[in-house]
Amino acid sequence: DNRTKKGFKSGFVSIVGRPNVGKSTLLNHIVGQKIAIMSNKPQTTRNKITAVYTTEQGQVIFLDTPGIHKPKSKLGDYMVAVAENTLNEVDLVLFVIDATEKRGPGDDYIIERLKQVKTPVFLVINKIDKVHPEELLPIIDEYRKLYEFKQIIPISALEGNNTGPLIQAIFDEMEEGPMYYPPDQVTDHPERFIVAELIREKVLHLTREEVPHSIAVTVEEMKRGENGKTLYIYAAIYVERDSQKGILIGERGQMLKEIGRRARLDIERLMGDKVFLELWVKVKKDWRNQERMLRNFGFYD
Ligand code: GDP
Ligand code: MG
Ligand code: K
């Protein structure tokens, strides 16, 4: 068990930068899986996405912090506020810029915010596969004058150029600490957690005392449709007994239908998108005593 191993390092790293500079691509490259939603439309990454990267030497929890744009929903507001607090609480900030783009007001805004926090900052100059090496020096000079970066690291997130040294530099910045997440966990979507909570709330409200609080909701899948607007959500409600399953489904499925309808309206309000919600009820005897299940439900600590 690495969780308390001596010499094990851990910490939180916030990734900031204008839309399209390659924050999600970098996260995906490091974690080695498609976790962040990649798109040229900046609003798809309006949500904080956490990626957990665990190796023998330690664990880094990345926060793909949203860029600066007006929040368009309640969740957006919440996420932007989270992002602002986050900068102060993390151990390191990666400020990602695009080597092929001129510095703009968006970059200056971020730099001003970075000046307000004590957290060390690396400047990550991305997309070097698209520029001549000679073009890098002026960029480095320009940014160095604006802020005292702890390190300046040019990379290509897409091709993986110089990402090894970046990862090492990140670990060098981390202090000895615990393993916060199980090593096989790579993402922690707050969106999913919120959606699960909304569904759970409707179950408890509609069934009152008939179904005790021994239910859990997991969002098994959450994906955007072709048009980028409709959000498809598949969730399971876990109960401990068959009798509870019967209550939840209700006569001719009326209860489950109503739970789904109310939850969907709330989720739509929160996310500002059209939602397709499919719910299942599953019986998992004694789920509360099973550590594996608790991990799946996100209760691991
Ligand atoms: P984000 O908005 O900052 O998360 O940016 P994304 O990761 O979504 O990337 C925006 C676009 O830039 C995508 O089309 C990526 O494929 C592209 N991109 C990201 N990193 C690189 C890179 O290192 N080189 C090149 N050529 N393209 C990149
Ligand atoms: Mg992104
Ligand atoms: K600072």
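## Asn 88, at the end of a helix stretch

Leaving out residues up to four places away in sequence, Asn 88 touches Val 117 and Thr 119. This comes from a predicted model, so please read every position here as a computed one. Asn 88 itself belongs to helix α2, which spans residues 74-89. Although 26 residues separate Asn 88 from Leu 114 in sequence, their C-alpha atoms are 9.1 Å apart in space.

Is Asn 88 buried or exposed? Asn 88 is exposed, because 12 other C-beta atoms lie within 10 Å, and a residue with 12 or fewer counts as exposed.

## The largest nonpolar core

Let us turn to the interior. The largest nonpolar core holds 37 residues, and those with the most contacts inside it are Val 13, Ile 15, Phe 62, Val 93 and Phe 95. Many elements feed into this core: strands β1 (9-16), β2 (49-54), β3 (58-64), β4 (92-98) and β5 (121-126), along with helices α1 (23-31), α3 (105-115) and α5 (163-173), each give two or more residues. The most comes from β4, which gives six residues.

Phe 95 is a good place to look around. Setting aside its neighbours within four places in sequence, Phe 95 is in contact with Val 16, Gly 17, Ile 110, Leu 114, Val 121, Phe 122, Leu 123 and Val 124. There is also a second, separate core of 22 residues, which includes Val 211, Ala 235, Met 255 and Leu 277.

## Two sides of helix α3

Which residues of α3 are buried? They include Asp 107, Ile 110 and Leu 114. These three cover an arc of only 65° around the axis, so they sit on the same side of α3. In general, an α-helix has 3.6 residues a turn, so residues three or four places apart point the same way.

The other side of α3 carries the exposed residues Pro 105, Asp 108, Glu 112 and Lys 115. As for the buried residues, what covers them includes β1, β4 and β5.

## Gln 57, in a loop

Gln 57 is found in the loop that links β2 and β3. With 16 other C-beta atoms within 10 Å, Gln 57 is partly exposed. Its contacts, not counting residues up to four places away in sequence, are with Lys 9 and Phe 171. Along the chain, Gln 57 and Ser 10 are 47 residues apart, while 8.7 Å separates their C-alpha atoms.

## A sheet of three strands

Further along the chain there is an open sheet of three strands, ordered β9-β10-β11, with mixed pairing. Its edge strands, each pairing on one side only, are β9 (216-224) and β11 (275-283). On average, and ignoring direction, neighbouring strands of the sheet are turned by 15° against each other.

How many bridges join β10 to β11? Nine bridges do so, and the two strands run parallel, with β10 covering residues 231-239. One of the pairs to look up is Leu 231, whose bridge partner in β11 is Val 275. Helix α7 (residues 242-249) packs on the sheet, where it touches β10 and β11, and its direction makes about 155° with that of β11.

## Glu 197, in helix α6

Finally, helix α6 (residues 190-207) contains Glu 197. This residue counts as partly exposed, because 13 C-beta neighbours lie inside 10 Å. Glu 197 and Ala 263 are 66 residues apart in sequence, yet their C-alpha atoms are 9.5 Å apart in space.

Note on methods: Residues numbered from 1 in each chain as written. Chains lettered and ligands numbered in written order. Predicted model: local features only at pLDDT ≥ 70, side-chain atom pairs only at ≥ 80, totals over all residues. Helix = DSSP H or I, 4+ residues; strand = E, 2+ residues; numbered from the N terminus. Buried ≥ 20, exposed ≤ 12 C-beta atoms within 10 Å, placed from the backbone. Contact = placed C-beta atoms within 7 Å. Core = buried A, V, L, I, M, F, W, Y, C linked by C-beta atoms within 7 Å. Pairing = 2+ DSSP bridges. Axes fitted to C-alpha atoms, helices over the stretch in contact; angles between N-to-C directions. Arc of directions from axis to C-beta.
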